[in-house]
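Subject: Structure for you to look at

Hi,

Here is the structure I said I would pass on. Have a look at it first, and my notes follow below.

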Amino acid sequence: MGRSQAVPKGRDPRFGPGADDAGCTILHVDMDAFFASVAVRSQPELRGRPVIVGGVGPRGVVSSASYEARRFGVRSAMPTARARALCPRGVFLPVDGPAIGEASRAVMAIFRDVTPLVEPLSSDEAFLDVAGARRLLGSPTEIAGLIRRRMQDEQRLTCSVGVAPTKFVAKLGSTRAKPDGLIVVPGALVLEFLHPLPVDALWGVGERAAETLRRLGLTTVGEIAHAPVGMLRGALGEASAVHLHELAWGRDPRGVSPEREEKSIGAEMTYDTDVADPAVIRKSLLALADKVGARLRAAGVVGRTVAIKVRLADFRTVNRSRTVHTSTDVAREIFEISWSMFTALGAREHIRLVGVRVEGLTPAATTSRQLSLGEPERGWREAEAARDAVVARFGPAGLSPASLLGRSDLRRTENHPHSTVVPLSDPPSPS
C-alpha cells in the first residue's frame, strides 16, 4: 500500500472502540515500532530514549525507530547516516535476530490463540478473520481489546489494531490508530473514512503514481472514486485503474489466507504472579501439552522434536529441545518429554512463563509409528482422539484430565451430564 505517513493520525470518535462493529470481522494487528520495542524490553533503561535499530555501519539502513526517535524525523528504511544527523543523541543498536524471532513467534502464537485464520504479512503484523471466534470471545472490538491486553501483559509490547469489513480498510485503520490504539471502521462509514484520505494511502500508489494522479487533479481517495475509469485507465493502465477504483469505493473481496504449512505448533502460559512451586509448573506443562496435542491432531500432523521455553522472573529465557525416534501427537508423550527437560534444568528461581512446542512436523497420515516393546496397539492416542470428538460436540468442559482439576472441579463434574474425568496415572487399557 502507500506510505503509512499518508494516513492522517488522530482519533475520531466515529471510529473509536464504541463504534458499530457488526460485520467487521477482519482485524489488522500491527506491533508498534517492533524491533525498537523488543530492544527496549530487554534494556529497560532505554525506555523514553530515542532508539534506532538497524544497520549501524556507514551503509546501514534503519529497520525500526522508537516513537521518541520519530519525533526527530527518523523513519524506517532511512539511511542510518541520515538518522544520525537527525538524531545525534539517539541510541543506535543492531538488529537482534534471535530476540526478534522469539518475539515474533510469541506474537503470532497470541494471534492463533484467537483464531486459526491468521495471515502474517511480516514478523510483526497480520490479518485475522475473527468471524468464528465471536461466540467464544465476543465482538470483534472485544477480541481486538483482548489481543492488545495480552500483548501488554504477556510480551510487554504494544500493538495497534484496525477493525473493519475488509483487509484494506483494516490495514488503514491500524495505521491511523498508531501508536497503541484501536480504530473501528463500521461498514456504513467506510466511505466517510476512506474518501478524505490522500491518494497515496491506497494500496499500489507509490510516489510516481501519486504524482501522476495529482497532475490529473486527483488528490484524495474520494476524487479517485468519482473520477471516470477511462481517465484512470489512460494514466495508469487497465489493471491499476480498476484496482484503484475498486479500493476507492471500499471494495476488497480478498479473504484472510492463513499459512498452509506449519513449521511448529506450540502454546505458552504466563503466570499472573511468578511461580516456584514444581507442582504448579507440572500442572501447567500438562495443560500446555494437552493443548498442543489437540492442535497437532486437529492439523493432522505429528512431530519428532519437543521443545520447552522457561522465562524466569528477571526475564531471562531458557529454551530446551529433544528429538525422539518416533513422531507423536500424543499429549501424554509430549508432557513426559517436557517435564523431563524441565526437571533436568534444576531451576530454583521464580518462573514467569512456560511454553511447550512440537517441531519437525510431518503429515500424520503418511508418517509411520513404531510401537515400543510391550506397548499396546491402542492406548493414549486413541483415548485422546476420543476426547477430541467429545470436546468437539460438548465443548472443552466435556472431558478433562483429572490432573488438571481441583477438588471443586471434580465435585462439579458429578452433576454435569456430559462431563468425564480421565485419570493420567495409567494408560487406558486396549479395546
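Which residues line the largest cavity? They are A106, A109, I110, D113, R150, E154, G266, A267, E268 and R295. Before I say more about that spot, please keep in mind that this is a predicted model.

**How far to trust it**

The protein chain has a mean pLDDT of 84, and 81% of its residues come out at 70 or more. Two stretches need some care. Over residues 371-378 the pLDDT stays under 50, and the model gives this stretch eight contacts beyond four places in sequence. Residues 407-431 are also below 50, and there the model has 38 contacts beyond near neighbours in sequence. Where pLDDT is low, the coordinates of a prediction should not be read in detail. I'd keep that in mind when you scroll through those two parts.

**The cavity**

Back to the question I started with. Rolling a probe the size of a water molecule over the atoms shows where empty space is left. The count here comes to one cavity of 30 Å³ or more, and the volume of the largest cavity is about 60 Å³. Three elements each give two or more residues to its lining: α4 (97-114), α6 (140-155) and β9. Of these, α4 supplies the largest share, with four residues.

**The sheet that β9 belongs to**

Since β9 has already come up, let's go there next. How are the strands of this open sheet ordered? There are four of them, in the order β9-β12-β10-β11, and the pairing is antiparallel. β9 (264-275) and β11 (317-328) are the edge strands; each has a single partner strand, so one side of each has no neighbour in the sheet. From one strand to the next, the twist averages 15°.

Two helices pack on this sheet. Helix α13 (residues 278-299) touches β9, β10, β11 and β12, and its direction makes about 155° with that of β9. Helix α14 (residues 331-345) touches β10, β11 and β12, with its direction at about 35° to that of β10.

If you want to follow the pairing by residue, try β12. Strand β10 (residues 301-312) is joined to strand β12 (residues 351-363) by 11 antiparallel bridges, and β9 pairs with β12, also antiparallel, over eight bridges. V358 in β12 is a handy marker: it is the bridge partner of I265 and also of V306. Further along, V301 has P363 in β12 as its bridge partner.

**A strand that is covered on both faces**

Is strand β6 (residues 125-129) enclosed or open? Five of its five residues are buried, so β6 is largely enclosed by the rest of the structure. You can see this on both faces: E125, F127 and D129 are buried on one side, and A126 and L128 are buried on the other.

β6 has pairing partners too. Strand β1 (residues 26-31) pairs with β6 in the antiparallel sense over five bridges, and strand β5 (residues 118-122) is joined to β6 by four bridges, again antiparallel. A126 is a good place to start here: V29 stands opposite A126, and A126 is also the bridge partner of P120. β5 and β6 make a hairpin, with two residues between them.

**Two buried residues worth a click**

T80 sits in helix α3 (residues 80-86). Is T80 buried or exposed? Its relative accessibility is 2%, and buried means under 20%, so T80 counts as buried. Leaving out neighbours within four places in sequence, T80 is in contact with G55, V56, G57, G60, V61, V62 and F92.

L202 is in the loop between α8 (190-194) and α9 (207-215). With a relative accessible area of 0%, L202 is buried as well. Its C-alpha atom is separated by 7.6 Å from that of A248, although the two residues are 46 residues apart along the chain.

That's what I have for now. Happy browsing!

Technical notes:
Residues numbered from 1 in each chain as written. Predicted model: local features only at pLDDT ≥ 70, side-chain atom pairs only at ≥ 80, totals over all residues. Heavy atoms only, no water. Pairing = 2+ DSSP bridges. Axes fitted to C-alpha atoms, helices over the stretch in contact; angles between N-to-C directions. Contact = heavy atoms within 4.5 Å. Buried < 20%, exposed > 50% of the residue type's maximum accessible area, 1.4 Å probe, protein only. pLDDT = per-residue confidence, 0-100. 1 Å grid on protein atoms, 1.4 Å probe; cavity = no way out; pocket = protein on both sides within 12 Å on 5 of 7 lines; lining within 4 Å. Points joined across faces, edges and corners; volume = space filled by probe spheres on them.
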